[in-house]
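Biologist: I would like a close look at a single part of this model, followed by a careful account of how the rest of the chain is put together around the same kinds of contact.

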Amino acid sequence: EGATALTADLLAKALAELPDDMRGIRDRALLAVGFAGAFRRSELTALRLCDVGIHAQGIRIAAMRRKTSSDEVYIDIAAGTLAEEALTAWLDVLATSGTKMSLKATTLAEVAASDNGSALFRRTAGTACSNCGLSAASVSLVVKRAVDALGVDSKSFSAHSLRSGFATTAAESGLSAMEIRDAGGWRSVVTVDRYVQHRRDFGAKTARSQVLDALRQEINKLG
């Protein structure tokens with residue numbers, strides 16, 4: 001919540017700077033999917049291979065919103081989007097790395113600790129990929145490393161920056177608080193507001209300015 005938002009403009013630059021080695025491909029997928037799904041870090045690292053469905057229209061991820069629901073929700077990532085391309089590239093790396101790829105429905109609490117190859121996002125070392133999943137704490141390290149590569153001070157960035165970045169970008173794109181709440185699995189619109197970091201310039205078109213413009217137009221009609 002208190003982390004600086006990793007908004008679409010900054011994230012795009014960070015993704016472009018990542019190298020095309022194994023870790024870079026993984027980090028690109030982790031960041032892009034984390035942003036697209038507005039995932040909490042625990043939700044992101046709990047993703048399993050069996051949660052990913054490949055379709056002609058794109059990728060569907062079955063995920064658990066741990067804080068707000070005990071039911072699965074589906075995150076659809078359309079074909080041709082940056083997040084879909086990044087995740088597809090990571091799946092290709094996994095398929096050719098010689099690492100285990102298990103579709104076993106490991107319990108969510110065991111994904112990071114298990115070495116059975118069920119985790120979607122894995123630890124890497126050079127050109128080697130582990131069978132073990134990433135820890136939740138690792139997500140913040142990935143975010144900070146990507147921001148540092150841009151020459152930006154990463155001190156105020158963390159895993160929450162992806163979630164806050166989604167909310168802020170969505171708000172700036174004109175989505176309502178209720179739409180953002182539903183897309184990101186927040187409990188309420190009040191919670192959403194704590195994640196949105198407003199960056200509008202003074203004088204930018206807002207709901208208030210549009211209402212005042214409408215009032216002026218009505219006054220002008222009166223002569």
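In which sense, parallel or antiparallel, do strand 1 (residues 52-55) and strand 2 pair, and over how many bridges?

Modeller: The model is predicted, so everything that follows describes computed geometry. Strand 1 and strand 2 pair in the antiparallel sense, and the pairing extends over 4 bridges. The two strands form a hairpin, with 2 residues between them, and one of the bridge pairs can be named: I54 has I59 in strand 2 as its partner.

Strand 2 is also tied to another strand through side chains. R60 and D76 form a salt bridge in which the closest N and O atoms are 2.6 Å apart. This pair links distant parts of the chain, with R60 in strand 2 (residues 58-64) and D76 in strand 3 (residues 72-78), 16 residues apart. R60 counts as partly exposed, because its relative accessibility of 37% falls between the 20% limit for buried residues and the 50% limit for exposed ones.

A further salt bridge joins D51 to R48, with 2.9 Å between the closest N and O atoms. Both of these residues, D51 and R48, are buried.

To place the hairpin in its context, the protein chain contains 9 helices and 5 strands. Along the sequence they follow the pattern α-α-α-β-β-β-α-β-β-α-α-α-α-α. Of the 223 residues in the chain, 43% count as buried.

A second hairpin is built from strand 4 (residues 122-125) and strand 5 (residues 128-133), which run antiparallel and are joined by 3 bridges. In this pairing A125 has A128 of strand 5 as its bridge partner. There are 2 residues between the strands of this hairpin, where G126 takes a positive phi near 65 degrees.

A positive phi is also found at A38, where the angle is about 50 degrees although the residue is not a glycine. A38 sits in the loop between helix 2 (22-36) and helix 3 (41-45). With a relative accessible area of 0%, A38 is buried, since the limit for that class is under 20%.

Helix 3, on the far side of that loop, holds T45. The side chain of T45 reaches back to the backbone oxygen of R41, at a distance of 3.0 Å. T45 is counted as buried because its relative accessible area is 8%, which is under the 20% limit.

Helix 2 takes part in an aromatic contact. A search of the whole structure finds 2 aromatic pairs. In the pair formed by F35 and F166, the ring centres are 6.3 Å apart and the planes stand at 70 degrees, so the arrangement is classed as edge-to-face. F35 lies in helix 2 and F166 in helix 6 (residues 160-172), so this pair ties together parts that are 131 residues apart in sequence. Both F35 and F166 are buried.

Returning to charged contacts, the count of salt bridges comes to 7. Besides the pairs already described, R26, D27 and R145 are linked in a network of salt bridges. R181 and D182 also meet through their side chains, with 3.0 Å from N to O. The two members of that last pair fall into separate accessibility classes: R181, with a relative accessible area of 26%, is partly exposed, whereas D182, with 55%, is exposed because its value is over the 50% limit.

The surface also carries a nonpolar patch, formed by M178, V189 and V190, which together have about 270 Å² of accessible area. V190 belongs to helix 8 (residues 189-195). At 55% relative accessibility V190 counts as exposed, since that value is over the 50% limit.

To come back to the part you asked about, the antiparallel pairing of strand 1 with strand 2 over 4 bridges is accompanied by the salt bridge from R60 to D76, which connects strand 2 with strand 3.

Key. Residues numbered from 1 in each chain as written. Predicted model: local features only at pLDDT ≥ 70, side-chain atom pairs only at ≥ 80, totals over all residues. Heavy atoms only, no water. Patch = residues over 30% accessible without salt bridge, like charges linked within 9 Å, V, L, I, M, F, W, Y side chains within 5 Å. Areas by Shrake-Rupley, 256 points an atom, 1.4 Å probe, with all protein chains shown as cover. Salt bridge = Lys/Arg side-chain N within 4 Å of Asp/Glu carboxyl O. Buried < 20%, exposed > 50% of the residue type's maximum accessible area, 1.4 Å probe, protein only. Pairing = 2+ DSSP bridges. Polar contact = N/O pair within 3.5 Å; in protein donor to acceptor, adjacent residues only side chain to side chain. Phe/Tyr/Trp six-rings, centres within 6.5 Å; stacked < 30°, edge-to-face > 60°.
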